[in-house]
Every structure is written in C-alpha cells, then in structure tokens.
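Colleague: Could you take me slowly through the sheet in this structure, strand by strand?

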Amino acid sequence: MKLVFAGTPEVAVPALDALLASGRHEVAAVVTRPDAPAGRGRRLVASPVAQRAEEAGIEVLKPARPRDEEFLARLREIAPDCCPVVAYGALLPKVALDIPARGWVNLHFSLLPAWRGAAPVQHSLMAGDQVTGASTFLIEEGLDSGPVYGVVTEDVRPTDTSGDLLTRLAFAGAGLLAATMDGIEDGTLQAVPQPVEGITLAPKIQVEDAHVDFAAPALRVDRVVRGCTPAPGAWTVFRGERLKLIQVTPLSDRTDLAPGELAVGKNNVYAGTGSYAVELLWVQPQGKKPMKAADWARGVRIAPGERLGA
C-alpha cells in the first residue's frame with residue numbers, strides 16, 4: 001500500500017522505522033506537528049519523526065492544523081491507501097479521515113477500550129495495572145473508539161516508570177502496526193468493534209495530577225512517582241519550594257513515620273506515608289539537577305520532624 005505516516009515524538013520513530021524496513025509498503029510522506037521551540041535558546045526544532053523522515057528522504061508535511069486546505073490538497077494528491085498514526089498530537093477532522101481509501105489506523109498504547117486518551121501509559125501505571133499493551137484501531141470521530149485490528153500485551157514490571165514502559169511498547173507496537181498494515185493489504189485482518197464494557201479514560205496528566213500526597217498509602221505514592229516519570233514529573237514541597245521525586249521504593253517494614261515526615265540515615269532518606277514509609281532514592285530540587293536523595297539530604301540538613309508537603 002501507499003502510506004502517509006502521521007506521528008510526532010520519539011516514541012513514534014520505531015513504528016516509522018518498522019514500516020520503512022518492511023519493504024512491503026511505500027511510505028510516501030510523513031505528517032507531523034510544526035517545529036517547536038526547544039532548549040535554552042528556544043530555537044525552533046523539527047520533531048523526532050520529521051528528523052527521521054528527512055534522513056530517509058521522505059516528504060514531510062507540517063500543517064498548523066490538519067484541516068488546513070493546503071495540507072488536505074497535498075494529501076489528496078498523494079492519494080494514500082492508508083495512513084498509520086502514532087502519537088501525532090492533533091485531532092483529525094472528518095474531511096481528512098475520508099481521504100485514504102482504507103482510513104487512518106492508530107497505534108495506541110493500551111489494551112482498548114481501557115485508557116482511551118492522551119496518557120494511557122501514565123494512567124495504567126498510576127492505577128496499578130499488572131498487564132498493559134498496545135492496540136491498532138481504525139480512527140473514527142470518537143475518542144479512541146474505533147474498531148480494533150490487533151493487540152500486543154506487555155507485563156508491567158514493579159519498578160517501571162512511564163518512560164520505561166512506553167519505550168518497550170513503542171518497539172512492540174511498531175511490529176504490531178507493520179503487521180496490521182500487511183493484514184489490511186492482503187485482506188486477512190478485519191477490525192472488531194470495541195466492547196462497551198471496560199472503558200476507562202486517560203486524559204493528559206496535568207502538573208497538579210503529579211502532586212504527591214503523602215497521606216496516601218505507600219503503594220499509591222510509588223505509582224504516582226513512576227507514572228509521572230519522566231513527564232510531567234512527580235513533585236512535593238519542601239521548605240516552600242518544589243522538590244521533584246524521581247524514584248522511591250516502598251518499605252513495608254517501617255511504619256514509625258507520620259505522613260511526609262522525613263528520617264535520615266547514613267546513606268538513606270525515608271518519608272512516611274498513609275501506610276508505611278518509602279525510601280527516597282533520587283530527587284531534583286528546584287533549579288538543580290537530579291541527585292541521590294542522600295546527597296540532597298546532607299546538603300539541606302534536615303531537622304528532626306521536618307516533613308514533605310508541608
């Protein structure tokens with residue numbers, strides 16, 4: 001088939017690579033979000049997908065909005081059979097959805113209908129799921145509600161962050177998307193409607209969602225930290241300033257600390273929760289680089305009874 005691939009961040013690059021390597025389909029063009037400011041100089045930088053496409057000598061389309069007539073006209077000229085999508089980052093209007101003969105097929109990082117929305121991996125971790133995965137489905141006007149072509153499952157490891165899990169799903173999902181394109185082309189794959197039961201939503205994680213409540217149980221604290229790492233970053237407050245929490249580990253044998261109360265050992269830092277303590281392993285003070293929690297604690301000289309979140 002002739003394909004136009006839509007995607008923007010680094011997590012979409014493995015899928016583009018898989019389609020380029022398959023040798024079965026032609027990736028005629030790539031659709032991605034416009035260049036965005038990045039770095040200290042805030043200079044405009046092309047998306048990871050745009051950079052990869054340019055390396056491969058593929059035409060790159062960067063519409064400000066996917067309903068822009070210039071973009072739609074070019075898409076009609078290319079006349080793709082199908083448009084695979086991975087984390088493109090903009091809603092596709094019906095006028096665009098109607099152009100490819102076999103539609104737009106999205107790779108979504110959850111086992112649909114669970115975790116429809118922008119942040120499925122983060123929500124899966126924060127909810128304590130033990131198994132997650134990726135799904136390919138035919139895009140329709142509803143939110144991630146279209147019929148499903150295929151799925152791949154992935155076990156959630158006890159120490160997974162959303163970054164860890166998303167990286168594994170990006171590569172597993174890349175193979176799934178390539179296989180889905182093959183199945184659509186040869187007619188062996190039919191999309192199946194999603195069940196009406198089990199629908200959960202995964203809206204974008206806001207900064208407030210990443211605020212760690214130390215009155216919650218230790219497992220909840222751990223899940224929020226892992227789910228919000230690396231972005232947007234779990235955080236609390238210490239002495240009136242934000243402290244990012246990068247890695248903690250629950251300690252079921254320590255129950256002597258009040259929620260948020262800090263205790264410092266020779267090379268360890270502990271914080272109480274609503275159940276048992278967690279050990280702080282890596283933190284990032286406001287305006288500084290990530291550091292081991294023990295080094296942070298030595299620098300700030302924590303007094304007895306001081307708390308996080310106060």
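Modeller: What follows is a walk through the sheet from one edge towards the other. This is a predicted model, in which local features need pLDDT of at least 70 and side-chain atom pairs count only at pLDDT 80 or more, while totals for chains, interfaces and linings use all residues. Residues are numbered from 1 along each chain as its sequence is written, and side-chain values use heavy atoms, with hydrogens and water left out.

Seven strands (DSSP runs of E with at least two residues, numbered from the N terminus) form an open sheet with mixed pairing, in the order β5-β2-β1-β6-β7-β8-β9. The edges are held by β5 and β9 (148–155), each with a single partner strand, so one side of each has no neighbour in the sheet. On average, neighbouring strands are turned by 20° against each other, direction ignored, where the axes are lines fitted to C-alpha atoms and angles between N-to-C directions run from 0 to 180 degrees.

Starting at the β5 edge, strand β5 (residues 59–61) runs parallel to β2 and is joined to it by three bridges, with Glu-59 of β5 opposite Ala-29; two strands count as paired if DSSP finds at least two bridges between them. Strand β2 (residues 26–31) also pairs in the parallel sense with strand β1 (residues 2–7), over five bridges, and here Val-27 in β2 stands opposite Leu-3.

Further along, strand β7 (residues 104–108) and strand β8 (residues 131–138) pair in the antiparallel sense over four bridges, and Ser-135 in β8 faces His-108 as its opposite residue.
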